[in-house]
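Student: I have a protein model open on my screen and I'd like to learn how to read it. Could you walk me through it, one feature at a time?

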Amino acid sequence: METHKLTCIQCPMGCALTVTVMDDGNVTVTGNTCPRGEDYGKKEVTAPTRTVTSYVEVEDGEIAVASVKTKQDIPKQKIFAVMEEIKKTKVKAPVKIGDVIVANAADTGVDVVATKNVAKK
């Protein structure tokens, strides 16, 4: 049996969660005041994910960089691989919010998209 202490980040309440993983794989969550806390606790100890935010260089743009993020959460262990792909990426202006900057980043099935418009010089 494993026990994990977490602070839920799904709403402003910040509930103190206790997540217990039994030897048979069953997971229980206590301390949550809403169902989102239970879902968060289970996911965080069994298959943690994160949204990655960063920026890419923009050629011929009014500004030199555009902010980007993963369109959805990715497995936590893929963060560094996704960041490596983002670091290698340069795009040409114009860039529009929602443009796919890196498709299927690090074989996660998740695209990296622009979160800032950058006009051409």
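**Reading strands, sheets and helices**

Tutor: Gladly! Let's begin with one residue: serine 54 lies in strand β5. Keep in mind that this is a predicted model.

Student: Is serine 54 buried or exposed?

Tutor: The idea is to look at the relative accessible area, where buried means under 20%. Serine 54 has a value of 19%, so it counts as buried.

Student: Which residues does serine 54 touch, if I skip those up to four places away in sequence?

Tutor: Its contacts are Ala66, Ser67, Val68, Met83 and Ile86. Let's find out where some of these belong.

Student: How does β5 pair with β6?

Tutor: These two strands run antiparallel and are joined by five bridges. One place to look is tyrosine 55, which stands opposite serine 67 in β6. The hairpin of β5 and β6 has five residues between the strands, and aspartate 60 there takes a positive phi near 60°.

Student: What should I look for in the side chains along a strand?

Tutor: Here is the general idea: in a regular strand, side chains alternate between the two faces of the sheet. Strand β6 shows this pattern: Ala66, Val68 and Thr70 point to one face and are buried. Val65, Ser67 and Lys69 point to the other face and are not buried.

Student: Which strands make up the sheet that holds β5 and β6, and in what order?

Tutor: It is an open sheet of five strands, ordered β8-β5-β6-β10-β9, and its pairing is mixed. At the edges are β8 (90-92) and β9 (100-102), each pairing on one side only. On average, neighbouring strands in this sheet are turned by 45° against each other, ignoring direction.

Student: Where does the mixed pairing show up?

Tutor: Compare the pairs one at a time. Strand β5, residues 53-59, pairs with β8 in the parallel sense over three bridges. Within that pair, valine 58 has valine 91 of β8 as its bridge partner. By contrast, β6 and β10 pair in the antiparallel sense, over three bridges. There, lysine 69 stands opposite valine 113 in β10.

Student: Which helix packs on the sheet that contains β8 and β5, and which strands does that helix touch?

Tutor: To answer that, go back to the β5 and β8 pair, where three bridges join the strands in parallel. Helix α2 (residues 79-87) packs on this sheet and touches β5, β6 (65-70), β9 and β10 (112-114). The direction of α2 makes about 15° with that of β5.

Student: Now for the other sheet. What is the order of its three strands?

Tutor: This open sheet has the order β1-β2-β3, with antiparallel pairing. Why is one side of β1 and of β3 left without a neighbour in the sheet? The reason is that β1 (2-7) and β3 (27-30) stand at the edges, so each has a single partner strand. Neighbouring strands here are turned by 20° against each other on average, with direction ignored.

Student: How many bridges join β1 to β2?

Tutor: Six bridges join β1 to β2 (residues 16-21), and the two strands run antiparallel. For a spot to check on your screen, threonine 3 stands opposite threonine 20 in β2. Helix α1 (residues 35-46) packs on this sheet, touching β1, β2 and β3. Its direction makes about 135° with that of β3.

Student: Can we try a residue in this sheet too?

Tutor: Take valine 21, found in strand β2. Its relative accessibility is 17%, so valine 21 counts as buried. Leaving aside neighbours within four places in sequence, valine 21 is in contact with Met1, Glu2, His4, Asn26, Val27 and Val45. Valine 21 and lysine 42 are 21 residues apart in sequence, and their C-alpha atoms are 8.9 Å apart in space.

Student: How do I step back to the whole protein chain?

Tutor: Start with the elements: the protein chain has two helices and 10 strands. Along the sequence they follow the pattern β-β-β-α-β-β-β-β-α-β-β-β. The radius of gyration is 19 Å, well over the 14 Å that the globule rule gives for 121 residues, so the protein chain is more spread out than a compact globule. Along its principal axes, the C-alpha trace spans about 55 × 30 × 15 Å.

Student: What share of the residues counts as buried?

Tutor: Of the 121 residues of the protein chain, 34% count as buried.

How values were computed
Residues are numbered from 1 along each chain as its sequence is written. This is a predicted model: local features need pLDDT of at least 70, side-chain atom pairs count only at pLDDT 80 or more; totals for chains, interfaces and linings use all residues. Side-chain values use heavy atoms; hydrogens and water are left out. Two strands pair if DSSP finds at least two bridges between them. Helices (H or I, at least four residues) and strands (E, at least two) are DSSP runs, numbered from the N terminus. Axes are lines fitted to C-alpha atoms, for helices over the stretch in contact, and angles run from 0 to 180 degrees between N-to-C directions. Contact means heavy atoms within 4.5 Å. Buried means under 20% relative accessible area, exposed over 50%, partly exposed in between (1.4 Å probe, protein chains only). The radius of gyration is taken over C-alpha atoms; the globule rule is 2.2 Å times the number of residues to the power 0.38.
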